[in-house]
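Here's a quick tour for someone meeting this fold for the first time. Have a look at the structure, then read on.

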Amino acid sequence: MEKETKIQTETESQSSAMVHFILSHSYSVFLLAVVLGVIFDIFIPINIYQRPIYQYLGFGMIVVGSILIYWAQSTSSRTKKEMAEGAPRDFARGPYKYTRNPTHIGLAVMTLGLGFLINSLFSVIFIIVAFLVTKSFFLKKEEDILEEKYGQAYLDYKKKVRTWL
């Protein structure tokens, strides 16, 4: 019995590491989008956001995105701690009641806000592309791992909560 528990713990640890590996790469795609956007803007300067309202909007988006990310991460930490103590698996808590990917939404909002704040048309374009790439590739792989790790509990959660808002 002890050997089975050890194997299960190792498997869960490996799947958690794999999820974090996938997420770190998807976050890197957003960083790359901003960097590429700035580089493109240096060579092809297009200032379309002439009014200061876009900088205020960008700053507000950075704040809202940061709050959403913090809320998602703190909820996730609390849920993992409670599940480790034997509580039932309840994924639909905090922002996870509304979307299965609040951290990605927060990151997209935050980086779009940065694009507006720095007046970078190409960053905004590349961030939208990054959003679509992460949604199509990275988040699909993450959900496959979570389905394998949590089974029916996660499948039931997927039926109740959408991927995005």
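The largest nonpolar core has 14 residues, and F30, Y49, L112, F116, V124 and I127 touch the most other members. A nonpolar core here is a set of buried Ala, Val, Leu, Ile, Met, Phe, Trp, Tyr and Cys residues joined through side-chain atoms within 4.5 Å. Helices α1, α2 (52–84), α3 and α4 (121–150) each chip in at least two residues of this core. Keep in mind that this is a predicted model: local features need pLDDT of at least 70, side-chain atom pairs count only at pLDDT 80 or more, and totals for chains, interfaces and linings use all residues. Residues are numbered from 1 along each chain as its sequence is written, and side-chain values use heavy atoms, with hydrogens and water left out.

**Around the cores**
- Y49 is in contact (heavy atoms within 4.5 Å) with Y54, Q55, G115, F116, N119, S120, L121 and V124, leaving aside its neighbours within four places in sequence.
- Apart from the largest core lies another one of ten residues, including Y96, Y154, Y157 and V161.

**Two residues to look up**
- T134 is found in helix α4, and with a relative accessible area of 0% T134 is buried.
- Buried means under 20% relative accessible area, exposed means over 50%, and partly exposed is in between (1.4 Å probe, protein chains only).
- Not counting residues up to four places away in sequence, T134 touches S26, V29, F30, H104 and L139.
- N119 lies in the loop between α3 and α4, and N119 counts as buried because its relative accessibility is 16%.
- N119 isn't a glycine, yet N119 has a positive phi of about 60 degrees.
- Most residues other than glycine have a negative phi.

**How α2 and α3 pack**
- Helices are DSSP runs (H or I, at least four residues), numbered from the N terminus.
- The axes of α2 and α3 are 7 Å apart, and these helices pack at an angle of about 160 degrees.
- Axes are lines fitted to C-alpha atoms, for helices over the stretch in contact, with angles from 0 to 180 degrees between N-to-C directions.
- So α2 and α3 are roughly antiparallel to each other, a label for angles over 145 degrees.

**How far to trust it**
- pLDDT is the predictor's confidence in each residue, from 0 to 100.
- The chain's mean pLDDT is 84, with 88% of its residues at 70 or more.
- Confidence is lowest in helix α1 (residues 2–43), at a mean of 75, and highest in helix α3 (residues 102–117), at 94.
- Over residues 5–9 pLDDT stays under 50, and the model has zero contacts for them beyond four places in sequence.

Note on methods:
Parallel < 35°, antiparallel > 145°, perpendicular 65-115°, else oblique.
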